[in-house]
Amino acid sequence: ERARCDRFRLEADRHRYLLGRGLLRLALGAWLGRDPAALVFQIGPHGKPALARQGPGAPHFNLAHSGDLILLAFHIANPVGVDVERLRPDLDWEPLARRVLPPAERQLLERLPADQRREAFLAAWCRLEARLKARGEGLAGLERLQNEALAGHDSAGERIWAVALPAGYVAAVALSAAA
């Protein structure tokens with residue numbers, strides 16, 4: 001955790017990372033009745049954190065941060081993913097939308113008034129990333145998810161929710177069907 005923290009270039013990003021990890025440790029420690037400092041994490045092949053020694057009653061969890069917000073998500077039985085994004089007026093979102101969103105979702109964006117498209121794209125991005133994080137795939141699973149959408153497959157029992165946040169932020173949480 002310290003090595004990863006040191007890799008952040010901006011001090012604000014280092015502080016946000018430390019705060020998020022501290023909050024995660026406090027919440028998991030309280031949940032499990034264990035010393036937060038004694039919790040040991042492992043990182044999955046695509047960057048998703050998990051407890052190294054889960055033990056009985058350990059929840060699935062995920063965290064995300066952007067701007068001034070840190071979101072934590074927990075579920076007792078199934079993998080969970082969360083993503084949050086701060087709305088940035090300088091975001092060049094259209095090339096990203098063409099690269100990551102399925103055609104049907106891009107068409108929905110194009111039908112919106114121009115002033116609503118950036119926020120709608122970020123909401124779609126959060127849903128996408130939350131799903132990938134719940135699956136433990138990170139962005140490495142993007143192509144498979146796109147192929148599923150093109151083939152008309154449903155989300156395999158995944159559930160996705162928008163998260164109500166202060167103005168200027170969008171977020172989503174996803175719950176996988178199977179552990």
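1. In this predicted model, a good place to begin is the hairpin that strand 6 and strand 7 form, with six residues between them. Within the turn lies Gly168, whose phi is positive at about 95°. The two strands of the hairpin run antiparallel and are joined by four bridges, and the bridge partner that Ile160 finds in strand 7 is Ala174.

2. Strand 7, which covers residues 169–175, is also joined to strand 5, in this case by seven bridges, and here too the strands run antiparallel. In this pairing Asp83 stands opposite Ala172 of strand 7.

3. Taken together, the three strands make an open sheet with antiparallel pairing, in the order 5-7-6. Strand 5 (80–86) and strand 6 (159–162) each have a single partner strand and stand at the edges, so one side of each is left without a neighbour in the sheet. From one strand to the next, the twist averages 15°.

4. How many of the seven residues of strand 7 are buried? Seven of the seven are, so this strand is largely enclosed by the rest of the structure. In a regular strand the side chains alternate between the two faces of the sheet. For strand 7 both faces are covered, since the buried residues include Tyr169, Ala171, Val173 and Leu175 on one side, and Val170, Ala172 and Ala174 on the other. Ala172 and Ala174 thus appear on one side together with Val170, Ala172 being the residue that Asp83 stands opposite and Ala174 the bridge partner of Ile160.

5. Helix 5, made of residues 114–134, lies across strand 5, strand 6 and strand 7, and it runs at about 155° to strand 5. Among the buried residues of this helix are Phe121, Leu122, Trp125, Leu128 and Leu132, and the list also includes Glu129, Arg131 and Lys133.

6. The length of helix 5 can be checked by a simple calculation: at 1.5 Å a residue, its 21 residues should span 30 Å, and the end C-alpha atoms are 31 Å apart, which agrees. After helix 5 comes Gly136, which has a positive phi, near 75°.

Note on methods:
Residues are numbered from 1 along each chain as its sequence is written. This is a predicted model: local features need pLDDT of at least 70, side-chain atom pairs count only at pLDDT 80 or more; totals for chains, interfaces and linings use all residues. Side-chain values use heavy atoms; hydrogens and water are left out. Two strands pair if DSSP finds at least two bridges between them. Axes are lines fitted to C-alpha atoms, for helices over the stretch in contact, and angles run from 0 to 180 degrees between N-to-C directions. Contact means heavy atoms within 4.5 Å. The expected span of a helix is 1.5 Å times one less than its number of residues. Buried means under 20% relative accessible area, exposed over 50%, partly exposed in between (1.4 Å probe, protein chains only).
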